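Q: I'm new to this one, so could you pick a single part and take me through it up close? A plain, informal tour would suit me best.

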Amino acid sequence: MEMFPAAAIISLLLYLLYKFLYRKSDQNCYLLGYQCYKAPDELKASAGTSAKIALRNKNLGLEEYRFLVRTMIRSGIGEETYIPRNFLEGREASPTLQDSLDEMTDATFSNLDALFATSAVRPCQIDILVTTGSLFAPVPSLSSRIVHRYKMREGIKCFSLTGMGCSSSVIAVDLVRHTFRTRPNSFAVVVAVELTAPNWYTGQDRSMMLSNVLFRAGGSSLLLTNHPSWKDRAIMKLEAVVRNHVSTDEAYECAIHVEDEQGYPGARLTKSLPTVAMRALEGNLRVLLPKVLPLWEILRFVVASYRWRIVKGGGGDSKPPPPVMNMRTGIQHFCLHTGGRAVIDGFEKSFGLREYDMEPSRMTLHRFGNTSCSSLWYVLGYMEAKKRLKRGDSVMMVGLGAGFLCNTCVWTVMRDLEDGNVWADCVDRYPPPTAGNRTGEILGWIFDDCMSFINFKDYDRAVLFSR
C-alpha cells in the first residue's frame, strides 16, 4: 500500500510522455458537420395523442394502465416529440414493412440531403459509409440504399452495425477512426437511425411497456474526414474513444429484445438498468479520464484515494465517501445519453455534475425523447444552439446500449459554434419553467376509486376517448 502512490505516479508520467511523443497525423479524425432529423409537426405526440394510443391497447387491465400513466407523467418527456405515421393512424399494433421503410427513408435521406447541401463534399467523394440501427435490418441494407440513392462510387467501403443499441453511433465513429488509419485523405459518413414504427409493444409486461413511453422517432448523420487540408473547415476533432462491454448476466438481461409470456415481442428494460449503466460507465472512465484530464487532477485523485484507504482501514464509526475525479477540470461539456430520467439522474448523482451540465440531456429528452443511437447528436445540437461550444472546449459523449455497452469519446471544439440546427425554432423556449407534460391532467381520472369497478379489457374505448 505504501508504494501505491509512487507506482501510480510513475505509470501516469510514462503514459503521458508516450501520449505526447507518439502522435501520428493519420490518426486524426475531424467532424465536418452533422444533421439531426426533425419530423413534420403533424407527427408530434401531444399528451392527448399519447393517451389515445396508450388506451387502444386492449390487452391492458386497470393496474397496467395506471402504471403506464404514472410512467408517462414521470418520464421527463414533453409534448413535442415525434412518432411514426402508423401510430397516428391507429396501426401501431400491426405495422407493415412499408411503414418501416417510410420512416427509415424520411429520417435518413432528409438528413443526408441537408448534410451534403451545407458542406463542400459531394456524395461521390465519400470513401467510407457506416450505418447503424438495431431493430430493423432491411434487404438491401440501409447502406446499399444510400449508395444507390446518391450514386456513390463503387469502391466505397460500407459497414452496417445492428444490435448494438443506443450507444452505436460512438461505435460507428470509432470504426471510422480505425478505418482512417489505413485510408489517408478520406471522407466518411455515419448514419444513425432507430425505427419505432415496427416496435410498438402490445403486451402487459411492465418492464416492456417502458419502451413505448421512452422511444421516439429520430435520426442523425455525420460527415468526418482525416484529410489534413480540411482541418480548418472542421467543427470538432476526435481526441479519444473508449469502449466497455459488461457481460454479467444482470447486465446482459437489463436491456434486451424478447417475447413476453404471451408471445408479444418488445424491448425489456429492467429496474437494474440504471445501476448497470453506472457500473459500466465507472469502468469506462477509469480508462478514459487519465487520457483527457490534466496531470495535477490525476495526482490529486491518487493522493486522495490513498488517504481514503488509510481512513477506511482505520475503523471508526464515520467513514468519508470515496473521492471522485473532478471531470470538469478537463471537460467543459457532457453529451449524456437520454436513456430516461433515471439514467440521467444517475449520471448527475454518481459523478457530481451540475444542473448546467445535465441541462442539454434533460432538455433533449423532453423535446425529442429517447431517439436511441442518434440521441447524443441532439444533445450536442442543444449545446451549439445555446452557443455554449467555444474554440478549445472539450466535449465528452457517453453512450449506453444493450449488451451491456458503454462507449465514450472526447472531442475538441475547433471553432466557436452557434448554429441553431434542429433546435432553431424552439431553443429560446428551453429550459421551460416546468419540464413536465399534461398526461396527468388528461388521464388523471384513471386513478379514481370508481374506476376499480370497470373491466378495462372489455370497456368501450370510445367512451374513454370522450372523457
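A: Let's settle one bit of vocabulary before we look around: a residue is called buried when its relative accessible area is under 20%, exposed when it is over 50%, and partly exposed in between, using a 1.4 Å probe and protein chains only. This is a predicted model, where local features need pLDDT of at least 70 and side-chain atom pairs count only at pLDDT 80 or more, while totals for chains, interfaces and linings use all residues. Residues are numbered from 1 along each chain as its sequence is written, and side-chain values use heavy atoms, with hydrogens and water left out.

Our part is a site taken from a record. An unreviewed UniProt entry has an "active site" annotation that covers Cys166, His245, His333, His337, His366 and Asn370. UniProt positions are given in the numbering used here, feature names are shortened, and such annotations may be inferred rather than shown by experiment.

Start with Cys166. You'll find Cys166 in the loop between strand S3 (157–161) and helix H7 (168–180); helices (H or I, at least four residues) and strands (E, at least two) are DSSP runs, numbered from the N terminus. Its relative accessible area is 12%, so Cys166 counts as buried. Who are its neighbours? Counting contact as heavy atoms within 4.5 Å, and leaving out residues up to four places away in sequence, Cys166 touches Phe215, His337, Asn370, Ser372, Cys373, Leu400 and Gly401. Two of those names, His337 and Asn370, are also in the annotation.

Now hop over to His366. This residue belongs to helix H13 (residues 355–368). With a relative accessible area of 8%, His366 is buried. On the same terms, leaving out residues up to four places away in sequence, His366 touches Gly76, Ile77, Gly78, Thr81, Tyr430, Pro432, Ala435 and Gly436.

It's worth staying with the helix that carries His366. H13 has 14 residues, and at 1.5 Å a residue they should span 20 Å, which agrees with the 19 Å between its end C-alpha atoms. The expected span here is 1.5 Å times one less than the number of residues. H13 is mostly covered, as 12 of its 14 residues are buried. Those buried residues include Asp357, Glu359, Arg362 and Arg367, along with Met363 and Phe368. What does the covering? Strand S9 (333–336), helix H12 (341–351) and helix H14 (375–385) are included in it. Right after H13 comes Gly369, with a positive phi, near 75°.

H14, one of the elements covering H13, also leads us to the nonpolar packing. A nonpolar core is a set of buried Ala, Val, Leu, Ile, Met, Phe, Trp, Tyr and Cys residues joined through side-chain atoms within 4.5 Å. The largest one has 78 residues, and Trp377, Trp411 and Trp423 touch the most other members. H14 supplies the largest share of this core, 8 residues. Apart from it lies another core, of 40 residues, with Met358, Leu365, Met396 and Val398 among them. Met358 and Leu365 are also on the buried list for H13. As a general rule, nonpolar side chains in soluble globular proteins tend to be buried together.

To recap the site: Cys166 sits in a loop, His366 is found in helix H13, and H13 is mostly covered.
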